[in-house]
Structure formats: structure tokens, C-alpha cells
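Reader: I would like to learn how to read the surroundings of a ligand. Please take me through an example.

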Amino acid sequence: MSVADRLAEVRGRIERATRDAGRPAGSVRLVAVSKTFEAGDILPALEEGQRLFGENRVQEARGKWPALRERHPDVELHLIGPLQSNKVREALALFDVIHTLDRESLAGALAREIPRLEGRPAPRLLVQVNTGEEPQKAGVGPLEADAFIEACRTRHGLAVEGLMCIPPAGEPAAPHFALLATIARRHGLATLSMGMSGDFETAIQLGATHVRVGSAIFGHR
Ligand SMILES: *Cc1c(COP(=O)(O)O)cnc(C)c1O
């Protein structure tokens, strides 16, 4: 199957899951995760009208997106991988949405750099929650999430828009998605970035507004 075929299939599955969940059509956005894939693989998705893309490394995104964007200026680029504080300025030059705000030092760095963005709108920010409390995984722990979201808003003046999570591999994802939705509700956060190739329908059932789908569209990495 081609990228175009797989993209059409994923779109159909998102539509169906949205309807089955009793949610309004179009309420779930697809972030096509193009990490490790080159322009030649990404172009067919752009030609099919896909405009939201996710990348997990600043460096890699910088290498391929400026040229693609010249042809498609309406692309919205989402950073879904960890962000080092010393890469914040570069990240702000590339990304429209950052899904991985997860520590005070990063919140501080963003708060310092955002006012320097001349002409460009501030990025939309999601806090990553390590719902499975996995030591090797980025994200703020579920017990620290409330205080961290508050600190981002009040201490750093950041407009946090939502939450993101990556459930532990080999565990049912639903309880993690439900936990993320509960934390978001408590803070009046409208955006929920959850669900990947293997579990996006479950995420939609539990309220995802953004699903991050890579291999189901572009193939194995
Ligand atoms: C790679 C990646 C995805 C996409 O994963 P697939 O299983 O290929 O759909 C989603 N979210 C994050 C944070 C990723 O790093």
C-alpha cells in the first residue's frame, strides 16, 4: 500500500471512531508523525492534503521541513519528542505546537524566549504527563502534574493548552488515556494529545483531540 492509501485508511478509521464515540465530526485532528522519513515519503501525504505533522527531533525537523514548507506554507509542525532547554530558540523557529513541556527549567526557557519571537505567534503548549511513571520516560509524574501546570501558568506566564501522554508499551492504554483526560478536566484544558498507530481508536473513545500516527501511515521505521 502507498502512503496515500494508508493515510486514507487512517482517516477513515479516525472518522469512524469519532462517530462511534458520539463525538462531532472533525473533532479529532490527525498529526502525521514523519520522524525518520524523508521528503519523498512526506510529499504524498502533503499532496493528499495532510497539513499537521509531528517530529521528535529539532535537528531532524530543521533538515527537512524548511524546504517542504516553502511549497506548503500552511503546514503545522508539532514537536512530540523531548526538548532540551538549549534548543528552545531553534524549536520556536520551527514548531507551531510543542507537546513535551515537562519541567520547570524548560518552562523558564520558553518564557524567556517566547517574548523574543518577533512577528511569529507563540507556540501552543502541551504538558507531557508520564502517566505510567516510567523512570526512562519524559513527562511530569501524574502526582506532580497539578502543581506543574499551575506553575507554568502563574510562575512562568505560559498559556498551557492541553496534555500529552505516551502509555507504557505492553500495557492496556485505556487507563492512561482516562487518567490524562481526568487531569485535563481538572484544569479546564481542552487539548488531549494521545493515541498512536496501535491505540488511536481507544484514545478517541476517551477524548483525544489529537492523535499522533506514524507507522500506520508511513510504514515501519
Ligand atoms: C513515534 C511517535 C509516535 C508515532 O508512533 P507510531 O506507533 O509509529 O504511530 C507518536 N508519538 C510519539 C511521541 C512518538 O515518538
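**The ligand and its shell**

Author: By class, six nonpolar, three polar and three charged residues form the shell around the ligand. Ala, Val, Leu, Ile, Met, Phe, Trp, Tyr, Cys and Pro count as nonpolar, Asp, Glu, Lys and Arg as charged, and the others, Gly among them, as polar. This is a predicted model, in which local features need pLDDT of at least 70, side-chain atom pairs count only at pLDDT 80 or more, and totals for chains, interfaces and linings use all residues. Residues are numbered from 1 along each chain as its sequence is written, and side-chain values use heavy atoms, with hydrogens and water left out.

Reader: Which residues surround the ligand?

Author: A residue is near a molecule if one of its heavy atoms lies within 4 Å of it. Here the ligand is surrounded by Val33, Lys35, Ile80, Met164, Ile166, Met196, Ser197, Arg212, Val213, Gly214, Ser215 and Arg221.

Reader: How do I read a polar contact, and what is the distance from serine 197 to an oxygen atom of the ligand?

Author: A polar contact is a pair of N or O atoms within 3.5 Å; within protein, one must be able to donate a hydrogen and the other to accept it, and residues adjacent in sequence count only if both atoms are side-chain atoms. A polar side-chain atom of serine 197 is 2.5 Å from a ligand oxygen atom. For lysine 35, the distance to an oxygen atom of the ligand is 2.7 Å. Arginine 212 has a polar side-chain atom 2.9 Å from a nitrogen atom of the ligand.

Reader: Is threonine 191 buried or exposed?

Author: Buried means under 20% relative accessible area, exposed over 50%, partly exposed in between (1.4 Å probe, protein chains only). Threonine 191 is buried because its relative accessible area is 8%. Its side chain and that of glutamate 161 are joined by a polar contact of 2.8 Å.
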